[in-house]
Amino acid sequence: MQLYFNPKSRAAVAKWMLDECGATYEIVPIDLEKREHKTEAFLKINPAGKLPALVDGEARLFENAAIGLYLAEKFLQAGLAPATGSPERGRFLSLMVYSTSQLEPSMGDHLMKLETPAQRGWTDFETVKDVVETELGNGPYLFGEQFTLADIMIGAMFMWQRHWGIPSGRPKLEAYMDRLAARTAAMKF
Ligand SMILES: N[C@@H](CCC(=O)N[C@@H](CS)C(=O)NCC(=O)O)C(=O)O
């Protein structure tokens, strides 16, 4: 597998997922300033011209959530997702999609100080935090003792924000981030 990567991009999230899976892969460095992510060759892998992208033989993947769902299946033995057919599987799929369809744009609105009108496909960021806290329950992870790729997809977004010096304002989320950051394979800044 080849991970198209820049450490200052969301490709760090894909790298974390690969590392938790114990995957063997090659890093293909992409210089964003040189716009290597907009070259004809890269656009054949990800037509959106964004990082990350992952190539696995004939398969090409873009979007972190898709990469995570693919890796959860490919590295079943890593146990980074509730089993297919188990009652928790639906919640896992929902949280993987939620991370990118609601949490990510809502955090973007918040960082850019934009309103989130009700007509958008996502909620305001305080509601997102309520949702994540509810789903986390008593933890330590979203699926109790089982760490999953949904913890990376959801936790990494809050960890970026913390890295930029913006506290979540939620002690429960801060403690969750501490637990995630303490993992050996955790995303490095
Ligand atoms: N939802 C996408 C977001 C991808 C994305 O926005 N990547 C940024 C880096 S953090 C990028 O490549 N930006 C460069 C550009 O758009 O020119 C994912 O999760 O993969």
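Y141 and F147 are both buried in this predicted model. A pair of aromatic rings is described by the distance of the centres and the angle of the planes. A search of the whole structure finds 6 aromatic pairs. For Y141 and F147, the ring centres are 5.2 Å apart and the planes stand at 75 degrees, so this pair is edge-to-face; planes over 60 degrees apart count as such.

F147 also has a charged neighbour: R183 lies over the face of its ring, 3.5 Å from the ring centre. The ring of F143 has the charged end of R91 sitting over it, at 4.1 Å from the centre. Elsewhere, one aromatic cluster is formed by W160, W164 and F189.

The UniProt entry, which is unreviewed, annotates residues 85-189 as "domain: GST C-terminal". Over residues 85-189 the chain is 60% helix and 0% strand, and the C-alpha atoms at the two ends are 36 Å apart.

The next topic is the sheet. Its 4 strands are arranged in the order β2-β1-β3-β4, and the sheet is open with mixed pairing. Because β2 (26-29) and β4 (59-62) stand at the edges with a single partner strand each, one side of each has no neighbour in the sheet. From one strand to the next, the twist averages 20 degrees. β3 (residues 53-56) pairs with β4 in the antiparallel sense over 4 bridges, and V55 has R60 in β4 as its bridge partner.

Two helices lie across these strands. Helix α1 (residues 11-21) lies across β1 (2-5), β2 and β3, and runs at about 150 degrees to β1. Helix α3 (residues 64-74) lies across β3 and β4, at about 135 degrees to β4.

Definitions and conventions: Residues numbered from 1 in each chain as written. Predicted model: local features only at pLDDT ≥ 70, side-chain atom pairs only at ≥ 80, totals over all residues. Heavy atoms only, no water. Pairing = 2+ DSSP bridges. Axes fitted to C-alpha atoms, helices over the stretch in contact; angles between N-to-C directions. Contact = heavy atoms within 4.5 Å. UniProt positions renumbered as here; feature names shortened; annotations may be inferred. Phe/Tyr/Trp six-rings, centres within 6.5 Å; stacked < 30°, edge-to-face > 60°. Buried < 20%, exposed > 50% of the residue type's maximum accessible area, 1.4 Å probe, protein only. Lys NZ or Arg CZ within 6 Å of the ring centre and 35° of its normal.
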